[in-house]
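Open the model in your viewer and set it to cartoon. Keep a selection box at hand. The tour goes from strand to sheet to pocket, with stops at single residues.

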Amino acid sequence: MKIRKADAGDSEPILAVILPTIRQGSTYALDADMSPAAALAYWLAPDKDVFVVEDDGAIVGTYYLRANQAGGGRHVCNCGYMTSAAATGRGVARLMCEHSLEQARASGYRAMQFNFVVSVNERAVRLWQSLGFETVGRLPLAFRHPEQGYVDALVMFRTL
């Protein structure tokens, strides 16, 4: 697997990765029935650097890196990661996070923050913890999970 910066020809493969996750509605606080155009506009927004993971020429994951805040908070970055269902459990998310940590350091960020990690997304929480992230905040019942109802969201943080 290799990671590269996304280019203009990656829109459809990126959409094929992100739209099923958005539709599922269990890990991102996005409108599950947002249009494909709105999903791409969100993921490929101008304030984000977007990367893709290729495996044998197919895009199996994507992530973005951006400043978490402007002004005095711009030294902390934020990322979002999505993996295709076919690639789940193959280390794609770990690879993306490790790559994003390197990219963040190279871009001059001093820390990375995840603003809204769904607490029942246990695989993601364990992965982020294994990569040095700590839970620094808990937002009680802040996310309405499609199967589990209202659950907490976590704010996770690590210095670089």
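This is a predicted model.

**Stop 1: strand β2 and its first partner**

Select β2. In this strand, find Val 53, the bridge partner of Ile 3. Now add β1, residues 2–5. β1 and β2 pair in the antiparallel sense, with four bridges between them.

How much of β2 is buried? Colour residues 49–55 by accessibility: five of the seven are buried, so the strand is largely enclosed by the rest of the structure.

**Stop 2: the hairpin**

Add β3, residues 58–67. β2 and β3 run antiparallel and are joined by seven bridges. Select Asp 55 and look across to Ala 58 in β3, its bridge partner. The two strands form a hairpin with two residues between them.

Zoom in on Asp 56, in the loop between β2 and β3. Its phi is near 50°, a positive value in a residue other than glycine. Is Asp 56 buried or exposed? It has 80% relative accessibility and counts as exposed.

**Stop 3: two buried residues of β3**

Stay on β3 and select Ile 59. This residue is buried, at 13% relative accessible area; the cut-off for buried is under 20%. Show its contacts beyond four places in sequence. They are Arg 4, Asp 10, Pro 13, Val 17, Val 52, Val 53 and Glu 54. Then draw a distance from Ile 59 to Met 1. The two are 58 residues apart in sequence, yet their C-alpha atoms are 9.5 Å apart.

Move along β3 to Leu 65. Leu 65 is buried too, with a relative accessible area of 2%. Its contacts, again leaving out neighbours within four places, include Asp 47, Lys 48 and Asp 49. Also among them are Cys 77, Asn 78, Cys 79, Gln 103, Ala 104, Tyr 109 and Met 112. For a distance here, pick the C-alpha atoms of Leu 65 and Asp 47. The separation is 8.6 Å, for 18 residues along the chain.

Before zooming out, a general point to keep in mind while you rotate. In a regular strand, side chains alternate between the two faces of the sheet.

**Stop 4: the whole sheet**

Select every strand of the sheet. What is their order? The sheet is open and has seven strands, in the order β1-β2-β3-β4-β5-β7-β6, with mixed pairing. β1 and β6 (134–145) stand at the edges, each with a single partner strand, so one side of each has no neighbour in the sheet. Look along the sheet for its twist: neighbouring strands are turned by 25° against each other on average, direction ignored.

Now pick out β5 (residues 111–118) and β7 (residues 149–159). They run antiparallel and six bridges join them. Gln 113 stands opposite Phe 157 in β7.

Add helix α3, residues 92–106. The helix packs on the sheet and touches β1, β2, β3, β4 (76–83), β5 and β7. Its direction makes about 35° with that of β3.

At the edge, go to Leu 141 in β6. Its phi is near 55°, positive in a residue other than glycine. Leu 141 is exposed, with a relative accessible area of 52%.

**Stop 5: the largest pocket**

Turn on the surface. The largest pocket has a volume of about 1100 Å³. It is lined by 43 residues. To centre the view, select Thr 27, Tyr 28, Tyr 81, Asn 121 and Ala 124, which lie nearest the pocket's centre. The elements giving two or more residues to the lining are α1 (11–24), β3, β4, α3, β5 and α4 (122–130).

Which element gives the most to the lining? Colour β4: it contributes six residues. By class, the lining holds 24 nonpolar, 15 polar and four charged residues.

**Last stop: Thr 21**

Select Thr 21 in helix α1. This residue is buried, with a relative accessible area of 14%. Beyond neighbours within four places in sequence, Thr 21 is in contact with Thr 27, Tyr 28, Met 82 and Thr 83. Thr 27 and Tyr 28 were also among the residues nearest the pocket's centre.

Key. Residues are numbered from 1 along each chain as its sequence is written. This is a predicted model: local features need pLDDT of at least 70, side-chain atom pairs count only at pLDDT 80 or more; totals for chains, interfaces and linings use all residues. Side-chain values use heavy atoms; hydrogens and water are left out. Buried means under 20% relative accessible area, exposed over 50%, partly exposed in between (1.4 Å probe, protein chains only). Two strands pair if DSSP finds at least two bridges between them. Axes are lines fitted to C-alpha atoms, for helices over the stretch in contact, and angles run from 0 to 180 degrees between N-to-C directions. Contact means heavy atoms within 4.5 Å. On a 1 Å grid over the protein atoms alone, a cavity is a set of points where a 1.4 Å probe fits but cannot get out, and a pocket is an open set with protein on both sides within 12 Å along at least five of seven lines; lining residues have an atom within 4 Å of a point. Grid points are joined across faces, edges and corners, and a volume is the space filled by probe spheres set on the points. Ala, Val, Leu, Ile, Met, Phe, Trp, Tyr, Cys and Pro count as nonpolar, Asp, Glu, Lys and Arg as charged, and the others, Gly among them, as polar.
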